[in-house]
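Work through these exercises with the model open. Try each task before reading its solution.

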Amino acid sequence: QARRVLTVSQFSAGQLQQYFGVNPAKIRVLKEGGEHVLTIPADNAILQKHNLSQRPYLLAVSSLSPNKNFGAVIDAIRLMDKPDFDFVIAGGANPAVFNQGLGELPSFVKYVGRVTDAELRALYEHAALFVYPSLYEGFGLPPLEAMNCGCPVLVSKVASLPEVCGDAAIYCDPHSPADIAQQITRIMADAALQAQLRAAG
């Protein structure tokens with residue numbers, strides 16, 4: 001009975017039409033922004049706390065939500081043989097949950113646990129790459145937060161993410177840990193591409 005239905009992406013508008021039968025004439029898309037991350041000063045103490053100033057690092061945020069596809073991140077990590085960068089995992093879901101008896105994570109993986117918004121901003125600002133291989137997003141705020149902090153972004157080529165990130169990100173197949181690992185390796189080896197992504201973001 002609503003006169004208007006507001007949603008955050010064209011992708012979500014399509015989902016509302018497909019699954020709820022909402023008349024497209026009633027739907028308005030009001031896109032979100034990621035600049036809120038800049039309203040809180042960065043807490044750089046987290047970098048010293050976890051010794052993150054010695055080598056470049058990638059950042060991923062862990063979650064037990066299946067759509068976040070964090071298991072594919074762990075699988076991609078396991079395909080990398082002693083890279084010259086660290087892989088920082090932040091968030092409440094300990095990556096050990098995804099180990100499934102495969103043993104400890106490689107030594108280049110640093111799990112920093114749950115972080116504050118100020119600490120997350122610091123991690124974004126100093127990361128060489130933010131990795132977000134989600135399977136389903138109605139919008140996808142974390143990649144925009146990373147972009148607002150000048151961080152290059154690697155995201156899935158599914159759901160709303162291409163709409164949100166446009167030509168300011170590199171895309172991966174979220175169903176292929178090998179592709180995720182390949183794209184990570186490509187971006188980390190190309191300083192010019194990283195600079196291009198920072199500027200585009």
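**Exercise 1.** Which residues does Leu-123 touch, not counting residues up to four places away in sequence?

*Solution.* The model is predicted. Take contact as heavy atoms within 4.5 Å. Leu-123 then touches Ile-46, Leu-47, Leu-52, Tyr-57 and Leu-59. Val-88, Ala-90, Val-112 and Val-115 are also touched by Leu-123.

**Exercise 2.** Place Leu-123 in the largest nonpolar core, and find which element gives the most to this core.

*Solution.* Start with the size: the largest nonpolar core has 29 residues. Leu-123 is among those with the most contacts inside it, together with Tyr-57, Leu-59, Tyr-124 and Phe-130. Next, the suppliers. Helices H2 (45-49), H4 (117-126), H5 (141-148) and H6 (161-165) each supply at least two residues. So do strands E3 (57-61), E4 (86-90), E6 (129-132) and E7 (153-156). H4 gives the most, with 4 residues. Finally, look beyond this core: a second, separate one of 28 residues includes Phe-70, Phe-108, Ile-187 and Met-188.

**Exercise 3.** Which way do the residues of E6 point, and are they buried or exposed?

*Solution.* Recall the general pattern: in a regular strand, side chains alternate between the two faces of the sheet. In E6, Leu-129 and Val-131 point one way. Phe-130 and Tyr-132 point the other way. All are buried.

**Exercise 4.** Trace the strand pairing of E6.

*Solution.* Take E3 and E6: they run parallel, joined by 2 bridges. Leu-58 has Leu-129 of E6 as its bridge partner. Now take E7. It pairs with E6 in the parallel sense over 3 bridges. Phe-130 stands opposite Val-153 in E7. Add the helix: E6, H5 and E7 make a right-handed β-α-β unit.

Technical notes
Residues are numbered from 1 along each chain as its sequence is written. This is a predicted model: local features need pLDDT of at least 70, side-chain atom pairs count only at pLDDT 80 or more; totals for chains, interfaces and linings use all residues. Side-chain values use heavy atoms; hydrogens and water are left out. A nonpolar core is a set of buried Ala, Val, Leu, Ile, Met, Phe, Trp, Tyr and Cys residues joined through side-chain atoms within 4.5 Å. Buried means under 20% relative accessible area, exposed over 50%, partly exposed in between (1.4 Å probe, protein chains only). Two strands pair if DSSP finds at least two bridges between them. A crossover is right-handed if, with the strands pointing away from the viewer, the path from the first strand over the helix to the second runs clockwise.
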